[in-house]
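Me: Please take a close look at a single part of this predicted model. I should like a formal account that begins with one side chain and then places it in the context of the whole chain.

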Amino acid sequence: MYKGKAWWLPLQEPIAPDQLLKMQMWLRQTYNERRPFATLQAAKAGMIFLNRLGLGNKLDLSALFCSELVTAALQIAGVVDPYINPSKQTPADVVNFPCFSHPPILIKSFPSRCKPQ
């Protein structure tokens, strides 16, 4: 039902099966815990001046925002530098991770999964 644009960033290399399993297990656990959306953290991640002052987000995965979730998942899969703080990553940071193929692919429409009744 999302009416906006959606982009797809394929990985340059496939994730090793054991690493993929670790990532999937973490994502399922995170989903099952119903971790809340980290609204304040998401806003702070985009405020570069806070990071320069040492007031940026500290690592905290108890609540998550989109780019934080993606960064943490890719770290668990072993494709993103483990020293990056997921809680400081913006969508612009994530799309520039070297593990992704570039340029991103714009997806203009999604096939319907529901059969008309």
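Reply: Q89 counts as buried, because its relative accessibility is 10% and the limit for a buried residue is under 20%. Since the model is predicted, this value, like those that follow, is computed from predicted coordinates. Q89 sits in the loop between α4 (66-76) and α5 (91-95). A polar atom of the Q89 side chain lies 3.1 Å from the backbone oxygen of N85. The close look therefore concerns a residue that is buried at 10% relative accessibility and whose side chain has a polar atom 3.1 Å from a backbone oxygen.

The chain around this loop can be described next. The protein chain has five helices and two strands, and from the N terminus on its elements follow the order β-α-α-α-α-α-β. Of its 117 residues, 29% count as buried, and Q89, at 10% relative accessibility, is one of the residues that count as buried. The protein chain exposes about 8,700 Å², of which carbon and sulfur atoms supply 64%. Among contacts with a separation of 6 or more, residues 24 or more positions apart account for 65%.

Helix α4 precedes the loop of Q89. Its buried residues include S67, E68, T71, A72, A73, L74 and Q75. I76, also found in helix α4, is partly exposed, because its relative accessibility of 24% is not under the 20% that defines a buried residue. Just after α4, G78 takes a positive phi of about 80°.

I76 leads from α4 to α1. Leaving aside residues up to four places away in sequence, I76 touches Q19, K22, M23 and W26. The C-alpha atoms of I76 and M23 are separated by 5.5 Å, although the two residues are 53 residues apart along the chain. M23 and W26 are among the buried residues of α1, and what covers the buried residues of α1 includes α4.

Helix α1 comprises residues 17-32, which is 16 residues, and reaches 22 Å from its first C-alpha to its last, close to the 22 Å expected at 1.5 Å a residue. Its buried residues are M23, W26 and T30. Seen down the axis of α1, these buried residues fall within an arc of 65°, so they line one face of the helix. The background is that an α-helix has 3.6 residues a turn, so residues three or four places apart point the same way. On the other side of α1, P17, D18, M25, R28, Y31 and N32 are exposed.

I15 provides a second link between these regions. I15 is placed in the loop between β1 (6-8) and α1, and counts as buried because its relative accessibility is 15%, under the limit of 20%. Not counting residues up to four places away in sequence, I15 touches L20, M23, A77 and V79. M23 thus recurs in this account: I15 touches M23, and I76 touches M23. From C-alpha to C-alpha, I15 and L74 are 9.3 Å apart in space and 59 residues apart in sequence; L74 is among the buried residues of α4.

The stretch that follows α1 has its own local features. R34 is found in the loop between α1 and α2 (39-45), just after α1. Its phi is near 55°, a positive value in a residue other than glycine. R34 counts as exposed because its relative accessibility is 56%, over the 50% limit. On either side of R34 in the numbering are E33 and R35, which form a salt bridge with their closest N and O atoms 2.6 Å apart. A search of the whole structure finds one salt bridge. E33 counts as partly exposed, at 41% relative accessibility, and R35 is likewise partly exposed, with a relative accessible area of 23%.

On the other side of α5 from the loop of Q89, one further backbone feature deserves note. A cis peptide bond joins H102 and P103, with omega at about 0°. P103 is placed in the loop between α5 and β2 (105-107).

To return to the part requested: Q89 is located in the loop between α4 and α5, is buried at 10% relative accessibility, and has a polar side-chain atom 3.1 Å from the backbone oxygen of N85.

Note on methods: Residues numbered from 1 in each chain as written. Predicted model: local features only at pLDDT ≥ 70, side-chain atom pairs only at ≥ 80, totals over all residues. Heavy atoms only, no water. Helix = DSSP H or I, 4+ residues; strand = E, 2+ residues; numbered from the N terminus. Buried < 20%, exposed > 50% of the residue type's maximum accessible area, 1.4 Å probe, protein only. Polar contact = N/O pair within 3.5 Å; in protein donor to acceptor, adjacent residues only side chain to side chain. Contact = heavy atoms within 4.5 Å. Areas by Shrake-Rupley, 256 points an atom, 1.4 Å probe, with all protein chains shown as cover. Expected span 1.5 Å × (residues − 1). Arc of directions from axis to C-beta. Salt bridge = Lys/Arg side-chain N within 4 Å of Asp/Glu carboxyl O.
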